[in-house]
Amino acid sequence: MTIVFENVRKEFTVKDRSGKRQSSRFTALDGIDLEIADGEFVVLVGPSGCGKSTLLDLLGGLTQPTSGRILLDGTPVTGPGLDRGIVFQQYALLPWRTAQGNVEFGLEATGVPRRQRAARAREFLDLVGLTGFEDRHPHELSGGMRQRVAIARSLAYDPQVLLMDEPFAALDAQTRESLQDELLSVWQRTGKTVVFITHGIDEAVYLGQRVAVMTSRPGRIKRIVPVSLGSRTATDDLRSSPEFARHRHEIWSLLHDEVARAQQLEKEAAAV
Amino acid sequence: MSTTTTETPAEAVREALVVKAPEPTPVSTGRARRAGRLLLTVVTKSAAIAALLLLWESAPRLGLVDRTFLPPFSEVAEAWWGLAEDGQLADNTQASLVRSFSGFGIAVAVAVPLGLLIGWYRPVADLLGPLLEVFRNTAALALLPVFVLLLGIGETSKISIVVYACTWPILLNTISAVRNVDPTLLKLARSMDLSAPRLFQKVILPASVPVMFTGIRLAGAVSILVLVAAEMIGAKAGLGYLINASQYNFAIPQMYAGIITISAIGVAFNQLLVSVERRLSSWRVPTGA
């Protein structure tokens, strides 16, 4: 599924801090133009509060753009739909359901017959390496396992696009790396289009075919950096290769000014 | 391990057992130690009650209190047995339980859906909030004369007062349960384009069960409390009536027998609700207790 952002702008109405009735407009995103090809893995990086999550909400159909359009295979987004699956940073698992039950939750929404659900859920839990944990409740699983369940749930109902909102931010470094590898292998096997949000530069370079760097307030796309790291199947440490370092530095330089500007803006906002 | 179905009651129970199971001990000393621990638990949990009964038995006998007004426990137990044998106890208990349970049941049936509605639709909450606040803070028993005036002294007024008193804890807890459903779960449901009935059935209702049940348990206690008071005012049967009538007829041991029965019913009902609650919210992260 191809995704096209056409001059997308998103404004929010915010109440004045002093408690007066007066409300002001706040521009979260402005002039977003972005094209994502079918089956592509695109990463969005930007300083905190740059509107990354807003962008994903727009794509997920949870909010509507103030102006501009978002097209999925040429059709404008009008609301949420099961052609897009969202993976949240906080997992969003139903705590009263087992791992299996959580994966089936997505299948129930798409109307998969009851008999097929169990088999399908097991298949996708197996895909994320959770065979043997089907009957565990979320509180009996580690953070990494919970996120695997959430990914399995999103994959199971077969959306064409996977929207991932800092899915690995709450995990420890080792778990994060292994989940990154697994996500890449799942992506390669399933051929989904992936839009991945992160504030980690290493994660962006490691995962993305292209990395879109965003500016802070209002969020704009500053530059799109194509990443080519050669063969990913090479067993040596990809993160220490010179290409990786070059890309990393390029994105770091692009982000550096933005982070400084974002901090300045925050200070000004706090001083008011 | 069976993987054919999920979330059967049996599994919920097993989950509860898995969570609560004590850490394994070596086989050789394990059994003896476990038996010892169990004995210790039983002793600890019954010590205070045993002490109370001992005091109750000995204080009148030693002349510390007037035994006409506080007969020794053994006499009360004897009176209880007498009441149980001639069927008075069963009749009165039945009368009370029917009223209590019908009132409680109606309150659950009304307050849970109403609470879900008020909790979910903010305009409804804004509209009804102040009214709820007024009613909640009006003691149910203060309204008993009103109920009697409007509905007479028959069963209707008694069941109504129980319904009224039970409604508030359930309603308020249900409202707060719905309000506090994890927003990321709601966002998830929205991203999956769930219909409103599905959203309620699959997300809001199960997420609200634990907090809702706190209210239901409170209501269980309230149902017996209020009923007994109501029966003391105008009734021809029921445990409240038994206690009151015994006092008038100066059958003091019988009066205490009635009181003990009420305590026992209260404890049993609460235990029942606690075990249902455990079963329904076994998925909750065990927090300390």
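This section describes the folds of chains A and B and the contact between them in a predicted model.

Chain B is helical. Its secondary structure amounts to 11 helices and 0 strands. Along the sequence, the order is α-α-α-α-α-α-α-α-α-α-α. The chain has 289 residues, and 30% of them are buried. Contacts in chain B often link distant parts of the sequence. Among those between residues at least 6 apart, 75% join residues at least 24 apart.

Two helix pairs in chain B were examined, and both involve helix α7(B), residues 155–179. The first partner is α4(B), which covers residues 88–120. The axes of α4(B) and α7(B) come within 6 Å and cross at roughly 35°. The crossing is right-handed. By class, the residues in this contact are 20 nonpolar, 7 polar and 4 charged.

The second partner is α6(B), residues 144–151. Here the axes come within 9 Å, and the crossing angle is roughly 145°. α6(B) also passes α7(B) in a right-handed crossing. From α6(B), the contact draws on L144(B), F147(B), V148(B) and L151(B). From α7(B), it draws on T156(B), S157(B), S160(B) and I161(B). This contact has 5 nonpolar and 3 polar residues, with no charged residues.

Nonpolar packing was examined next. The largest nonpolar core holds 122 residues. The members that touch the most others come from both chains: V45(A), A152(A), V195(A) and V211(A), together with V162(B), C166(B) and I170(B). In soluble globular proteins, nonpolar side chains tend to be buried together. Beyond its neighbours within four places in sequence, I170(B) is in contact with A107(B), V108(B), A111(B), V112(B) and G115(B). Its further contacts outside that range are G215(B), I216(B) and A219(B).

R217(B) lies in helix α9 of chain B, residues 196–233. R217(B) counts as buried because it has 20 C-beta neighbours inside 10 Å, and 20 or more is the cut-off for a buried residue. Outside four places in sequence, its contacts are N270(B), L273(B), V274(B) and E277(B). R217(B) and V274(B) are 57 residues apart along the chain, yet their C-alpha atoms are separated by 7.3 Å.

In chain A, helix α4(A) spans residues 143–156. At 1.5 Å a residue, its 14 residues should span 20 Å, and the end C-alpha atoms are indeed 20 Å apart. The helix is mostly covered, with 12 of its 14 residues buried. Among the buried residues are M145(A), V149(A), I151(A), A152(A) and L155(A). The buried set also includes the charged residues R146(A), R148(A) and R153(A). The cover over these buried residues includes strands β6 (84–87) and β7 (161–165) of chain A. It also includes helices α2 (99–110), α3 (114–127) and α5 (173–190) of chain A. Just after α4(A), D158(A) takes a positive phi of about 60°.

Helix α7 of chain A, residues 242–271, contains I251(A). I251(A) is buried, with 22 other C-beta atoms within 10 Å. Leaving aside neighbours within four places in sequence, I251(A) is in contact with V45(A), I201(A), A204(A), V205(A), V211(A), V213(A) and V225(A). Two of these contacts, V45(A) and V211(A), are also among the core residues that touch the most other members. I251(A) is 114 residues from H137(A) in sequence and 39 Å from it in space, C-alpha to C-alpha.

Positive phi values also occur in loops. Most residues other than glycine have a negative phi. A92(A) has a phi near 55°. It is found in the loop between β6 and α2 of chain A. F250(B) likewise has a phi near 55°. It sits in the loop between α10 (239–248) and α11 (252–280) of chain B. The surroundings of the two residues contrast. A92(A) is buried, with 21 other C-beta atoms within 10 Å. F250(B) counts as exposed, with 9 C-beta neighbours inside 10 Å.

The two chains meet through 17 residues of chain B and 22 residues of chain A. On the chain B side, helix α8(B), residues 183–191, supplies the largest share, 6 residues. That side divides into 8 nonpolar, 4 polar and 5 charged residues.

Note on methods:
Residues are numbered from 1 along each chain as its sequence is written. Chains are lettered from A and ligands numbered from 1 in the order in which they are written. This is a predicted model: local features need pLDDT of at least 70, side-chain atom pairs count only at pLDDT 80 or more; totals for chains, interfaces and linings use all residues. Two residues are in contact if their C-beta atoms, placed from the backbone, lie within 7 Å. Helices (H or I, at least four residues) and strands (E, at least two) are DSSP runs, numbered from the N terminus. A nonpolar core is a set of buried Ala, Val, Leu, Ile, Met, Phe, Trp, Tyr and Cys residues joined through C-beta atoms within 7 Å. The expected span of a helix is 1.5 Å times one less than its number of residues. Axes are lines fitted to C-alpha atoms, for helices over the stretch in contact, and angles run from 0 to 180 degrees between N-to-C directions. A crossing is left-handed if the near helix is turned anticlockwise from the far one by less than a right angle, and right-handed if clockwise.
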